[in-house]
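Got the viewer open? Let's take a quick walk through the two ligand sites, one selection at a time.

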Amino acid sequence: MADSLVTGGAGFIGSHLVEELVERGERVRVLDNLSTGSIANLEQVRDRIEWIEGDVRDEAVCRRAAAGVAVVFHEAALASVSRSVEDPRSTHDVCATGTLNMLIAARDAGVRRFVYAGSSSAYGASGRLPNREEQLPLPMSPYAAAKLAGEQYAMAFHEVYELETVCLRYFNVFGPRQDPASPYSAVIPLFIQAILAGKPPTIYGDGEQSRDFTYVANVVNANLLAARAKAVAGRTYNVATGERVSLLELIALLNRMLGTSIVPRHEAPRPGDVRHSQADIRRARDELGYAPALGIEAGMERSLAYYRKTR
Ligand code: NAD
Ligand code: UD1
């Protein structure tokens with residue numbers, strides 16, 4: 001049997017969460033369909049987990065995955081804005097319907113707590129920074145809408161079925177094992193890969209767009225807190241650093257840390273892009289006891305060490 005289930009546990013964030021849970025002595029079950037994740041992400045813990053290769057769009061698979069666990073960490077998703085613009089149906093099926101399937105399975109299995117990987121994309125072009133959880137959501141892409149649907153279902157399952165759901169709105173997570181090799185990869189691995197290869201990174205737009213880049217260890221910590229904290233069921237929490245950095249500032253930071261002077265090239269802005277993003281993390285501090293232990297520079301040191309080693 002397993003204490004916890006991590007869906008999407010072969011992914012970037014999920015694999016870090018699985019590793020930490022296993023290191024803490026938890027019995028962990030992982031469900032993943034390896035569509036964007038890789039079993040290589042779990043090589044440190046492969047023989048210490050219970051592995052299910054399956055799809056959250058399959059209700060029977062969800063039931064099997066949830067059976068007997070106390071906590072579900074639901075990370076499985078298609079996590080790209082640009083991919084959702086090209087193919088909104090798949091993103092909906094995985095992020096919204098897949099989450100509903102997992103919630104039904106968790107409810108029926110008597111799961112104690114369901115921690116949902118939400119997204120700061122829910123805030124969209126809120127125009128007001130820093131973003132606070134009580135703000136009206138403004139989803140600007142099919143991805144943002146599907147992730148928000150998942151979040152709303154999680155809240156409704158707490159309301160109606162008393163399933164203890166907690167939603168964490170992650171802000172632009174980065175760190176080792178974030179995939180640099182997909183057309184849908186996140187900006188930090190793409191920039192690091194280009195600069196390490198001496199090539200100009202591509203900025204979609206003027207580069208003044210900003211993000212609250214959050215090192216993956218902070219996100220893992222927030223999940224562990226959310227699984228145990230009291231009086232947090234039915235609530236949503238920003239998980240971030242509370243600072244924001246523009247893409248031009250990110251390029252300057254990478255050049256400084258790598259001793260390079262690579263100049264980016266610019267292309268047209270991408271549809272569905274949020275312009276600015278920055279979190280107010282007071283609620284997570286006060287109610288989860290969350291604090292971002294690693295800021296962008298410390299996180300980037302660790303990320304650069306990883307990408308240099310694995311290039
Ligand atoms: P990722 O693509 O590395 O991980 C997602 C995992 O889910 C992958 O292992 C993939 O194979 C799996 N998966 C996808 N579709 C599936 C399906 N139908 N059935 C089973 N497994 C499936 O992405 P990530 O960056 O680690 O994101 C993890 C979670 O965090 C996602 O829910 C994402 O929406 C959320 N999130 C990520 C960020 C970020 O900046 N990376 C920010 C906010 C929220
Ligand atoms: C990211 C996450 C998403 C998460 C969201 C909110 C990924 C792939 N996306 O979306 O899961 O919910 O944060 O936290 O992890 N850009 C460039 N050049 C590039 C790549 C990107 O200029 O080569 C720009 C984009 O146009 C955008 C910004 O960088 O303006 C960030 O893009 P990206 O890293 O894809 O993340 P988000 O779309 O913010």
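**Stop one: ligand 1**

Select F12 and show its backbone: a polar atom there sits 2.8 Å from an oxygen atom of ligand 1. Keep in mind as you click around that this is a predicted model. Next, pick S35, where a polar backbone atom is 3.1 Å from an oxygen atom of ligand 1. Then add G37, with a backbone N or O atom 3.0 Å from a ligand 1 oxygen. Now put a surface on the ligand: on its own ligand 1 exposes 830 Å², and the protein buries 93% of that.

Widen the selection to the whole shell. You should get 29 residues around ligand 1, with D32, T36, D55, E75 and V173 the closest. Colour them by class and you'll find 13 nonpolar, eleven polar and five charged. Switch to cartoon next: α1 (12–23), β5 (113–119) and α5 (142–161) each put in at least two shell residues, and β5 gives the most, with three.

**Stop two: ligand 2**

Hop over to ligand 2 and select S120, whose side chain has an N or O atom 3.0 Å from a ligand oxygen. R270 also uses a side-chain N or O atom, 3.0 Å from an oxygen atom of ligand 2. For V187, show the backbone instead: an N or O atom there lies 2.7 Å from a ligand 2 oxygen. Taken alone, ligand 2 exposes 730 Å², of which the protein buries 90%. In cartoon view, look for α6 (187–196) and β8 (202–204), the elements giving two or more residues to this shell.

Finally, select all 23 residues around ligand 2; A79, S119, Y143, T202 and D273 come nearest. By class, this shell splits into 13 nonpolar, seven polar and three charged.

Methods:
Residues numbered from 1 in each chain as written. Chains lettered and ligands numbered in written order. Predicted model: local features only at pLDDT ≥ 70, side-chain atom pairs only at ≥ 80, totals over all residues. Heavy atoms only, no water. Near = heavy atom within 4 Å. Polar contact = N/O pair within 3.5 Å; in protein donor to acceptor, adjacent residues only side chain to side chain. Areas by Shrake-Rupley, 256 points an atom, 1.4 Å probe, with all protein chains shown as cover. Helix = DSSP H or I, 4+ residues; strand = E, 2+ residues; numbered from the N terminus. Nonpolar A, V, L, I, M, F, W, Y, C, P; charged D, E, K, R; others polar.
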